[in-house]
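Reader: I would like to go through this model and ask what stands behind each label.

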Amino acid sequence: MAEKKYNWYKIADHINELDFAENQIAVVEVKGKKICIGRSQKVAFAFAYKCPHAGGILAHGYIDALGNVVCPLHRYKFNMQNGRNTSGEGYYLKHWPVAIRETGVFVGFEDEGSFWNIFR
Ligand code: FES
């Protein structure tokens, strides 16, 4: 299988610069589009701003003890690391890797095409 190739976008100089709300979810913009950064056990994950079910704003949800983001609208749960709909409704959450490096915090997108497709 071919290795995934990412374009890395810097979202902050340091993880502490991100404005994690009480629910441990920050909203950042990449090229003018909002995405969420969720934090669990000191690890950060990037995922879509809106829920794949009916567009609930995931930034207004919360992260449970197992590292799932819970949508505020109908409480479906999604694993932030792999996008799986762990409450079993069969949806899939767009998600991206986060890299914390000496030079800053980066989110990786596989390619421009797949990134922009989520907004169509
Ligand atoms: S909109 Fe998120 S669970 Fe329905």
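Author: The secondary structure of the protein consists of one helix and 10 strands, where helices (H or I, at least four residues) and strands (E, at least two) are DSSP runs numbered from the N terminus. This is a predicted model, in which local features need pLDDT of at least 70 and side-chain atom pairs count only at pLDDT 80 or more, while totals for chains, interfaces and linings use all residues. Residues are numbered from 1 along each chain as its sequence is written. From the N terminus on, the elements run β-β-β-β-β-β-β-β-β-β-α.

Reader: What makes the protein as compact as a globular protein of that length?

Author: The radius of gyration, taken over C-alpha atoms, is set against the globule rule, 2.2 Å times the number of residues to the power 0.38. The protein has a radius of gyration of 14 Å, close to the 14 Å that the rule gives for 120 residues, so it is as compact as a globular protein of that length.

Reader: Why is Ala46 called buried?

Author: A residue is buried if 20 or more other C-beta atoms lie within 10 Å of its own, exposed if 12 or fewer, and partly exposed in between, with C-beta atoms placed from the backbone. Ala46 has 24 other C-beta atoms within 10 Å, so Ala46 is buried. Of the 120 residues of the protein, 28% count as buried.

Reader: Which residues does Ala46 touch, not counting residues up to four places away in sequence?

Author: They are Ile35, Cys36, Ile37, His95, Trp96, Val98 and Val107; contact requires C-beta atoms, placed from the backbone, within 7 Å. Ala46 itself lies in strand S4 (residues 43–48).

Reader: Which residues touch the most other members of the largest nonpolar core?

Author: A nonpolar core is a set of buried Ala, Val, Leu, Ile, Met, Phe, Trp, Tyr and Cys residues joined through C-beta atoms within 7 Å. Of the 26 residues in the largest one, Cys36, Ala46, Phe47, Leu58 and Val98 touch the most other members. The largest share of this core, five residues, comes from S4.

Reader: How do you know that S9 and S10 pair?

Author: Two strands pair if DSSP finds at least two bridges between them. S9 and S10 have four bridges, in the antiparallel sense, and Arg101 stands opposite Gly104 in S10. Three strands form an open antiparallel sheet in the order S1-S10-S9. Its edge strands are S1 (7–12) and S9 (98–101), each pairing on one side only.

Terms used. Two residues are in contact if their C-beta atoms, placed from the backbone, lie within 7 Å.
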